[in-house]
Amino acid sequence: VDIPKRRVMRRALGCFRAKLRSSSQLYRSSPATNVCELSASAAFSTLSGQTQSSIRRPKLVWHDGTAREFKNVWLRDQCRCPECVHPSTKQKIADAAAIPLDIAPVQVTLSDVGELKITWNNENHRSVYDSDRLRERALENFLSPPRKRPKLWRTDVRVESLPTAHYDGIMESDVDLMKWLSGFRDYGLAIAKDVPLVQDAIVAVANRLAYVKETPLGRTFDVVAYPDEETTDLAYTSRPLRLHTDLNFMDPSPGVQMLHCIESHGPPDQGMSVLVDGFAAAEWLNRNRPAAFHVLTSLPVEFKSRIDGINYSNRVPVICTDCDGNVESIHVSFLSLNTWDVPDRLIRPFFSAHKTFVEKLNDGSAEVRVPLKAGDLILMNNRRTLHGRTTYNSSEMKRHLQGCYLDLDSILARLRFLEVKLGDETAIQN
């Protein structure tokens, strides 16, 4: 749902709530509605402590005018008793699919301390609900909670403005780690400084964040320049490397890539890492070339590769969106894109849309160039941030990077854990 529609829905909801408040006395005096009317707040109405039967659906009315009728099947699924949720693991035992759609209460009680107690007609099960928690549901705008929007890169983006932290802080301080990961979540990129110049230092960082994701390239891989006749990948040469996301031929592609610069000696204008915000380019495409955006979000294309004699293949749109139309992943790779089976009628639309998107990615409007120094580490959202490299002369420059992949959801889970932990600690201290 776009922003204007959200505003319209909020206004409509406000009017709806106003009508509920103005008509609350009518509800209390009209038992013909056959809806259980209960009041729950710090101070309860005369209905508190009473039991009601012959109920179709429970409805709570708070003293501030907030009112909500709760669907029975949803309420039954929210039961957190030990029979429904394991006390230790907090995993659900009860199966939502097993709840009868016509389940109904046979008895409803609102206690003096704000507990809504319901006995159900299915197996005579008894559930207890905290009215404060139900009020949170009642206050929702009947919309999904607003998700954290990515901070898109603009023409004024600079390396200095991107999330940066020092290795010691990341490894030793939960606060520093939380700030670094928070910046990564927002920008799809974060930089670490002063990482030890040793092999597998990147693994220690990965283990601090989550865990290394093993791929057909192994747990880690080394990016160094080999002669053309000896290389197995264009990345392992000194040639320029066009913008791309990695391993699109896997389903799904790795969510996160890390690159650690172990060695870099030579002219600073050679072998620069080029980084681009794919989400910013996709937003521009959606706004200015909607037909092209539609083609790239609706047509799955193949990405394929052969590694150690094994063929890998994945079909996925170049731009993937979620159920609300928000861009959630980018798949661009000149190395592995295979257009062999694009339908004839879609060949021109696809090539035209793909060309427009790639040209936007390369126009510099959401680009930073990083002359990686020894000890630098880049953490990238591999489904958002495209990376490439300028050419360098291997006789003048020595460049050694070590890389690995991680799961995006595991890193975001780590960030949420730290936010809760440090938020709780701050609350205790205050």
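In the predicted model, Ile330 is in contact with Thr245, Asn248, Gly278, Phe279, Ala282, Val318, Ile319, Phe357, Asn382, Arg383, Arg384 and Leu386, its neighbours within four places in sequence being left aside. Ile330 also belongs to the largest nonpolar core, which holds 52 residues. Together with Ile319 and Phe357, Ile330 touches the most other members of that core. Helix α8 supplies the largest share of the core, with five residues. A second core, separate from this one, comprises 29 residues, among them Trp180, Ile202, Ala206 and Val256.

Helix α8 spans residues 278–288 and lies across strands β13 and β21 (385–389). The direction of α8 is at about 45° to β13. Both of these strands are part of an open sheet of four strands, ordered β11-β21-β13-β19 and paired in the antiparallel sense. The edges of this sheet are occupied by β11 (241–244) and β19 (367–370); each has a single partner strand, so one side of each lacks a neighbour in the sheet. From one strand to the next, the twist averages 15°. Strand β13 covers residues 273–277 and is joined to β19 by four bridges, the two strands running antiparallel. Within this pairing, Val276 has Glu367 of β19 as its bridge partner.

Another open sheet consists of three strands in the order β15-β14-β18, and its pairing is likewise antiparallel. Here β15 (310–316) and β18 (337–338) are the edge strands; each pairs with a single strand, and one side of each is therefore left without a neighbour in the sheet. The pairing of β14 (residues 301–307) with β18 is antiparallel and extends over two bridges. Phe303 stands opposite Leu337 of β18.

Helix packing was examined for α9 (residues 290–298) and α10 (residues 344–361), whose axes come within 9 Å of each other. The axes cross at roughly 105°, and the two helices are therefore roughly perpendicular. On the α9 side the contact is made by Ala292, Val295 and Leu296, and on the α10 side by Pro349, Phe350, Ala353, His354 and Phe357. Seven of the residues in this contact are nonpolar and one is polar, with no charged residue present. Phe357 of α10 thus has a place in the contact with α9 and is also a member of the largest nonpolar core, and Phe357 is among the residues in contact with Ile330.

Note on methods:
Residues numbered from 1 in each chain as written. Predicted model: local features only at pLDDT ≥ 70, side-chain atom pairs only at ≥ 80, totals over all residues. Heavy atoms only, no water. Axes fitted to C-alpha atoms, helices over the stretch in contact; angles between N-to-C directions. Parallel < 35°, antiparallel > 145°, perpendicular 65-115°, else oblique. Contact = heavy atoms within 4.5 Å. Nonpolar A, V, L, I, M, F, W, Y, C, P; charged D, E, K, R; others polar. Pairing = 2+ DSSP bridges. Core = buried A, V, L, I, M, F, W, Y, C linked by side-chain atoms within 4.5 Å. Buried < 20%, exposed > 50% of the residue type's maximum accessible area, 1.4 Å probe, protein only.
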